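Biologist: I should like to learn how to read the features of a structure that is new to me. Could we begin with the surroundings of a single residue?

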Amino acid sequence: MKKSIFILALCALVMCLMASCKNEAPKEESAPVEKTVVEEVYQPKHQSQTIDFKGLATYAYFKAPMATTAKTVTVNYNPKVVYEQPIVIKYTYENGDTYTYVIPKTFGLWKNENGKFRVVVDKQNTVWLQGQTKAGKFHEFIFYGDSKNNEKKIKPNSYLDNINYSK
């Protein structure tokens, strides 16, 4: 029994020596891999909303679509023929985002006594317009471009292209 333990111990020793003497190529130290920092490029968001007249209030106020102030606003409509094309109100923001409201072509703008369409855009990018659907239902739309004006009532003057804000 002593002899078998001695042989086992000797075998274990030989195996350890063989394992430690294994012929391996020395490992080369690899240069640290530099991680390239990729800056994420902001992808502008383009959102839109089509106005649905079902259940819409006569005086419809639309809050500013974003918390930041709109950089520009454009109102596109056909100034010659009413009900010819949809009315498109497009807000553009500093980061390239856009938000577009589309009023279907079943809505036509009214003109004031001077023959000018009742559309007013002010310096704060608030858009006010007034008209009726083909079915004869009157609507007044107010689209805010600056969120600080949300909830404020306005008094527009389509003769002077002016909007007065009140609480």
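Modeller: Certainly; please note that this is a predicted model. Thr98 has a relative accessibility of 8%, under the limit of 20%, and therefore counts as buried. Thr98 belongs to strand E5, residues 98-103.

Biologist: Which side chain does the side chain of Thr98 join in a polar contact?

Modeller: The partner is His46, at 2.7 Å. Leaving aside residues up to four places away in sequence, Thr98 touches Lys45, His46, Gln47, Met66, Lys90, Tyr91 and Thr92.

Biologist: How many salt bridges does a search of the whole structure find?

Modeller: The search finds two. In one of them, Lys63 pairs with Glu151, with 2.9 Å between the closest N and O atoms. Lys63 lies in the loop between strands E2 and E3 and Glu151 in the loop between strands E9 and E10, so the pair ties together parts 88 residues apart in sequence. Lys63 is partly exposed at 49% relative accessibility, whereas Glu151 is exposed at 58%.

A salt bridge also joins the side chains of Lys116 and Asp161, at 2.5 Å from N to O. This pair links distant parts of the chain, 45 residues apart. Lys116 is partly exposed at 32%, and Asp161 is partly exposed at 40%.

Biologist: How is empty space found?

Modeller: A probe the size of a water molecule is rolled over the atoms, which shows where empty space is left. Here there is one cavity of 30 Å³ or more, and the volume of the largest cavity is about 80 Å³.

Biologist: Which strand gives the most to the lining of the largest cavity?

Modeller: Strand E6, residues 107-109, does so with three residues. The lining comprises eight nonpolar residues, three polar and one charged; among them are Tyr77, Glu84 and Phe117.

How values were computed: Residues numbered from 1 in each chain as written. Predicted model: local features only at pLDDT ≥ 70, side-chain atom pairs only at ≥ 80, totals over all residues. Heavy atoms only, no water. 1 Å grid on protein atoms, 1.4 Å probe; cavity = no way out; pocket = protein on both sides within 12 Å on 5 of 7 lines; lining within 4 Å. Points joined across faces, edges and corners; volume = space filled by probe spheres on them. Helix = DSSP H or I, 4+ residues; strand = E, 2+ residues; numbered from the N terminus. Nonpolar A, V, L, I, M, F, W, Y, C, P; charged D, E, K, R; others polar. Buried < 20%, exposed > 50% of the residue type's maximum accessible area, 1.4 Å probe, protein only. Polar contact = N/O pair within 3.5 Å; in protein donor to acceptor, adjacent residues only side chain to side chain. Contact = heavy atoms within 4.5 Å. Salt bridge = Lys/Arg side-chain N within 4 Å of Asp/Glu carboxyl O.
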